[in-house]
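This briefing goes through selected features of one structure, grouped by topic. Please keep the sequence and the 3D view open while reading.

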Amino acid sequence: MDRFTRAIAMASARHPWRTIATWIAVLAGMFVLAGAIGGTFADDFAAKGSQSDRAMNLINEHFPEAAKGKAIVVFEAQDGTTIDQDRRDIAQVLAQVEGLHHVSTVADPYKADTISEDGHIAYAELTLDVPERDMGKPAFAVLSDGVSSMGTKDVRVELGGDAVFLNSEDETSSHVAIGLLVALIVLLVVFGTAVAAVLPIGLSLVAVGAGIGAITLLANPMTVSVSAIPVAGLVGLGVGVDYALVVVARYRENRNASRDNQAALARAMSTSGAAVVFAGGTVVAATAALAITGIGVLTSIGCATSLMVAAAVAAAITLLPALLSLLGNKIDKGRIGRRHRTVKAPEQTVWWRFGHRVAARPWPYLAGSIVALLAVAAPAVAMQTAFPAAGDAPQDTTYRQAYDLLTDGWGEGINAPLTIVVDLNAPSADPTNAVDANGLEAVAADVAAVPGIAAVGEPVTSEDGGTAVFTATPTTGPADPETSTTIDAVRDVIPGNVYVTGITAITDDLNAQLSRTLPLFIGAVIAVSFLLLMMVFRSVAVPLKAAAMNLLSIGAAYGVLVAVFQWGWGAELLGLEGPTPITSIIIVIMFPILFGLSMDYEVFLLSRIKEEHDTSGDNTESVARGLAGTGRVVTSAALIMVAVFLSFVASPVPSLKMLGLGLAVAVAVDATVVRMVLVPATMALLGEANWWLPTWLDRVLPHLSIEKHASDASEHGEPAGLRSGPSSAEDLVSR
């Protein structure tokens, strides 16, 4: 891998303007194609083969109009008037709404079941002229702004519905800017020069731009989630800055060792560049494994994140070498603070002293760290997941206000309607457990009798007579566990050719599928990480410890999410009104991302420890020197990641707050407690067993090298001087 990475990087460095021109051409072409043939974004939450999936397929087949998007226009009478008294104003609003782009029809709000008992609230169903996925977030934003601004002195107007909520736009640019500003400050402290600090930021933005273009093109052949770009962008910004930091830091370290720029760059790319390819490839593989779940929204987010990380890796090993080649000595321009910094010997660093302290008393450090992490992770045992609902959105959004108005008028259950679908063409395998057109009223009556059902609508049969549908309104809201209990009860009383769908039913089926596929998915991610680490370090103990420690980090992140979001501890500090349901999809997405990102720190630390051990054979000293050589770079890289991730906590979208906080906590724990305490403690206890690998396995296991040691230098044509000094990809920042 080191030779491969070096060859690509140095080819880019030899022809920098050609490389830059290629990137510009690729980016321009990608955005032109994205504008011409790029798809729009929509969420596919279907659990294939489930009841809700079969029900939706029947509706789309036999009720073509149902394939078009839906929304709900909600009216509230003001100043003591009633909906009936405000007919003129409402009629004017309806006429204006029907004239908006993408609006096909608006139903009559003056029906018995669409006006609240007190006569102050009414709603009308709005039908779009295109399917929801063909609209896109910008069009939904225009529609929402247009409808919600049509209120009069006597009538308040809001636009709600699941389609409006799920396709709402989140303005995160200011939040991202805060994260990048913190990252810039960290880079200025690390490098001490403005040019070196700005370079990783600029490279990450280019990588994210390329990733967005690729994801937009991906949305043409497949359904890509509306959350794909925010999630992938969050990860892309973090890894983009970190990967560039690793390479630039090592390049400057080589230059400080009196190596010419070309040799310094070659050495940096064959060591740190190879580490970036390895770490990025692991993240790509881990996130792509989300396809194992078989759920469209997770598959698309996994593919999008893989594309984004691949773009960051590509930029780090092609565009970055070209820019470094052009900059030359200008990489040190814009020096901040002292002109020269003294390079400390490992024995003079706090990390070396701490490493010896841990190695001298490994058991207390090991036990204390594990107890602390288990305590933080403990709340995860009580985790309850749910699907995000408009009722959890910020109060100033029109879909949240529509949700609240509907709740005030009819109870929270109106926001979680169930759709009962009867397949009249395909009776169940058991004729005694089927229903035909003559039995529709009886089925509706059975559903109405289920505890937890507030009302049932009249059955409607399709024009071809093949399918019938009716609605059932529960007494509880979409995120309430009692709604799931009600759905199970409904499914128990309906015949075999009758299916239940709706946002909560879809969520329940999605969670059921996740429970079946998660073991395979988690096993695949752990297995890939285990195999890669075993190939690199030729050890069984190292990957086993890594897997266990990664699970501790992720568990701690899950525990914090439960405490903050589910229990509401400090929720107000994050801009939340109180406890908020945890989104199951966010929990699943976090797992592969964190497992992949943790490989960065694992490789940085362990490869330095392994190099020192191969040189000295002293286990305790190699651990201490490994910490001394990686402590600053791991801390800097983690701090940048945490800053970028925490910037998304400022987003008004609860699910993005969860993802940002969860990733930030896990990275912080992984880079501090795990890598700086647990890893040294366990390695001190295991001693030589750290590097044990069965002989037969060593013979059959492929060799994967991410470091080019001094003995390999002449083989690769490096000058003799390049073989002196630091040779680890982790001794990146000692200035």
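A residue counts as buried when its relative accessible area is under 20%. By that rule Phe591 is buried, and Phe595 is buried too. The model is predicted. The points below cover aromatic rings, two helix contacts, two residues with positive phi, and a pair of residues far apart in sequence.

**Aromatic rings**

- The structure contains six aromatic pairs.
- In one of them, Phe591 and Phe595, the ring centres lie 5.2 Å apart and the planes meet at 35°, so this pair is classed as tilted.
- A plane angle under 30 degrees would have counted as stacked, and one over 60 as edge-to-face.
- Helix H20 (residues 584–616) carries both Phe591 and Phe595, which are four residues apart, about one turn of the helix.
- Together with Phe521, these two residues, Phe591 and Phe595, form one aromatic cluster.
- Elsewhere, Tyr110 has the charged end of Arg87 over its ring, 3.9 Å from the ring centre.

**Helices H18 and H20**

- Helix H18 (residues 503–537) and H20 have axes that come within 11 Å of each other and cross at roughly 10°.
- Angles under 35 degrees count as roughly parallel, and H18 and H20 are therefore roughly parallel to each other.
- On the H18 side, the residues that meet H20 include Leu514, Leu518, Phe521, Ile522 and Val525.
- On the H20 side, the residues that meet H18 include Val588, Phe591, Pro592, Phe595 and Met599.
- Phe521, Phe591 and Phe595, the members of the aromatic cluster, are thus among the residues of this contact.
- By class, the contact of H18 with H20 holds 18 nonpolar, four polar and two charged residues.

**Helices H21 and H22**

- The axes of helix H21 (residues 619–647) and helix H22 (residues 654–686) come within 9 Å and cross at roughly 175°.
- Because angles over 145 degrees count as roughly antiparallel, H21 is roughly antiparallel to H22.
- H21 contributes residues including Val623, Leu627, Gly631, Val634 and Phe645 to the contact, and H22 contributes residues including Leu661, Ala664, Val667, Arg675 and Met683.
- The residues of the contact of H21 with H22 comprise 18 nonpolar, four polar and one charged.

**Positive phi outside glycine**

- Most residues other than glycine have a negative phi.
- Asp79 has a phi near 55°, a positive value in a residue that is not glycine.
- Asp79 belongs to the loop between strand E1 (68–77) and helix H4 (87–98).
- With a relative accessible area of 63%, Asp79 is exposed.
- His102 is another non-glycine residue with a positive phi, about 80°.
- His102 lies in the loop between H4 and strand E2 (103–106).
- His102 has 16% relative accessibility and counts as buried.

**Ile37 and its partners**

- Ile37 is located in helix H2 (residues 16–37).
- At 45% relative accessibility, Ile37 counts as partly exposed.
- The C-alpha atoms of Ile37 and Thr216 are 8.8 Å apart in space, although the two residues are 179 residues apart in sequence.
- Setting aside neighbours within four places in sequence, Ile37 is in contact with Leu217 and Asn220.

Notes: Residues numbered from 1 in each chain as written. Predicted model: local features only at pLDDT ≥ 70, side-chain atom pairs only at ≥ 80, totals over all residues. Heavy atoms only, no water. Axes fitted to C-alpha atoms, helices over the stretch in contact; angles between N-to-C directions. Parallel < 35°, antiparallel > 145°, perpendicular 65-115°, else oblique. Contact = heavy atoms within 4.5 Å. Nonpolar A, V, L, I, M, F, W, Y, C, P; charged D, E, K, R; others polar. Phe/Tyr/Trp six-rings, centres within 6.5 Å; stacked < 30°, edge-to-face > 60°. Buried < 20%, exposed > 50% of the residue type's maximum accessible area, 1.4 Å probe, protein only. Lys NZ or Arg CZ within 6 Å of the ring centre and 35° of its normal.
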